[in-house]
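Hi everyone, thanks for making room for me this morning. I'd like to walk you through a few spots that caught my eye, so please have the model open and follow along.

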Amino acid sequence: MMSDPLDRRRTLLNIFGAALTAVDGRGAVRRALQTRGMGGPFQLIAIGKAAETMSLGALDLLGDRCLGGLLIGKEPPADPGPLARRGIACLAGGHPVPSQASLDAGERLLAALSAIPAQASLLLLLSGGASSLVEAPVAGIGLADLQAVNRWLLGSGLPIDSMNRVRTALSRIKGGGLLDALPARPLRALAISDVPGDDPAVIGSGLLVPALGLGPALASLDLPPWIRTLVEHALAQRGAPPAGGPEIELVATLDLARTAAARAAKAVGLAVRVEPFLLAGDAAQCGGELARRLMEDPSGLTVWGGETTVRLPPEPGRGGRNQHLALAAALVLAGRTDCFLLAAGTDGGDGNTDDAGALVDGETLERAALDGLDGADCLARADSGTLLAASGDLIHTGPTGTNVMDLVLGLRI
């Protein structure tokens, strides 16, 4: 078993694939509705990176009861036919920075909610990315403001919960604001969690969860003065949060993905360690620490998960937090023939690239050096993707139909 490096790399990629399958949006929603169904006709609203697959899961079981709806995703559906036949309109918003399409989607969302037939219930499907894909800003906040704030947040190194608090302040629909637009109809909400702690208030900036204590939470953040001014203006416009909110059922989480990765590793005879803590903080520091840990561990597979951050230089290169973490690990693993590390986003994207992440080993830097690339230099310039493309270590999955943060798999033989 795994007699050469290619076998070991294929094994890691297969384990990662098994984890993605376990949290696929279509299967996750289908399982939830099989466990507890819905009676009568319904209108479907799906928002997020997994909107298409989650919607298809609902239609698999309840398609004949669907009276139409609205899907807001990152990209147009790969096959819009099944959705169009059920009267579901499909929009693509901006991501990771909101665009005019995000504002248009916000207005379409509010209009769709106001037009739900009296006899229909509402099935609302949420997944990561909703914070950017759909937006309705408070009065006095324009698209240019939203884009500038989001670009700063993405390069700030702040954790996702802090970033989403800022986004919430600027929005009429986030932080429970959408509750004011919901008609008096039965509602069922299913979500895929892409946030630490699986907190529904953070998923998609909490469209259905009132943002309690938002002002004090924002006051504790180190924000530049121009953002602070926008936030204070927006908070004055938002008013008091609505009371209460519906139950939000989590249908896929990082824990499910980690468990599936462990199961797949055991099936091929590997000893497995699943670390329960969440990865967080600086991606480069985290990558170095995980590589050192991997070198000290006994043989087998270690499974980590979470979401790190990167503080970007003024002119960053190609890459994202997973590629950044992987390159930092490669710097530590250089020369080792017994260690391999995979870091990838479960949504299939990473930073400003279409790659999910990377799978590095002790020869990554040596391969990249053939193209004149230096690992430390690329890491300092946040240009990990360029080096990892040259070394042949990038992972490309395309959109995965899910989003449960990031997975890191470390293999020592």
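Let's begin at Arg-367, which counts as partly exposed because its relative accessibility is 24%. Keep in mind as we go that this is a predicted model. The side chain of Arg-367 meets that of Asp-393 in a salt bridge, with 2.8 Å from N to O. That pair links distant parts of the chain: Arg-367 is in helix α14, residues 364-369, while Asp-393 is in the loop between α16 (384-390) and β11, 26 residues apart. Now, is Asp-393 buried or exposed? Asp-393 counts as buried, because its relative accessibility is 1%. The cut-off for calling a residue buried is under 20%. And the story doesn't end with two residues, since salt bridges that share partners join Arg-9, Asp-361, Arg-367 and Asp-393 into one network.

How many salt bridges does the structure hold? The total is 23. As a reminder, side chains of opposite charge can pair when their charged atoms come close. I picked out two further examples for you.

One is Arg-26 with Asp-60, whose side chains meet at 2.8 Å, N to O. Arg-26 belongs to helix α2 (residues 25-35) and Asp-60 to helix α3, so this salt bridge ties together parts that are 34 residues apart in sequence. Both ends count as partly exposed: Arg-26 has 32% relative accessibility, and Asp-60 has 35%.

The other is Asp-347 with Lys-49, where the closest N and O atoms are 2.4 Å apart. Here Asp-347 sits in the loop between β9 (339-345) and β10 (357-361), and Lys-49 in the loop between β1 and α3, so the pair ties together parts that are 298 residues apart in sequence. Asp-347 is buried, with a relative accessible area of 15%, whereas Lys-49 counts as partly exposed at 23%.

Please hold on to Asp-347, as we meet it again at Thr-400. Where is Thr-400? Look in the loop between β11 (394-395) and β12 (406-412). Thr-400 counts as buried, because its relative accessibility is 17%. Leaving aside residues up to four places away in sequence, Thr-400 touches Leu-20, Asp-24, Thr-346, Asp-347 and Gly-348. Its side chain also has polar company. A polar atom of the Thr-400 side chain lies 2.5 Å from the backbone oxygen of Thr-346, and the backbone oxygen of Thr-402 lies 3.3 Å from a polar atom of that side chain.

Last stop, the strands. Helix α3, residues 51-62, carries the Asp-60 we just saw, and together with β1 and β2 this helix makes a right-handed β-α-β unit. In which sense do β1 and β2 pair? Strand β1, residues 42-47, and β2 pair in the parallel sense, over five bridges. If you want a landmark there, Ile-47 stands opposite Ile-72 in β2.

Strand β2 has another partner to show you. With strand β3 (residues 88-92), β2 pairs in the parallel sense over five bridges, and Gly-73 stands opposite Ala-92 in β3. How many of the eight residues of β2 are buried? Seven of them are, so to speak under cover, in a strand that spans residues 66-73 and is mostly covered.

That's my tour, and I'm happy to go back to any of these spots with you.

Definitions and conventions:
Residues are numbered from 1 along each chain as its sequence is written. This is a predicted model: local features need pLDDT of at least 70, side-chain atom pairs count only at pLDDT 80 or more; totals for chains, interfaces and linings use all residues. Side-chain values use heavy atoms; hydrogens and water are left out. Helices (H or I, at least four residues) and strands (E, at least two) are DSSP runs, numbered from the N terminus. Buried means under 20% relative accessible area, exposed over 50%, partly exposed in between (1.4 Å probe, protein chains only). A polar contact is a pair of N or O atoms within 3.5 Å; within protein, one must be able to donate a hydrogen and the other to accept it, and residues adjacent in sequence count only if both atoms are side-chain atoms. Contact means heavy atoms within 4.5 Å. Two strands pair if DSSP finds at least two bridges between them. A crossover is right-handed if, with the strands pointing away from the viewer, the path from the first strand over the helix to the second runs clockwise. A salt bridge is a side-chain nitrogen of Lys or Arg within 4 Å of a carboxyl oxygen of Asp or Glu.
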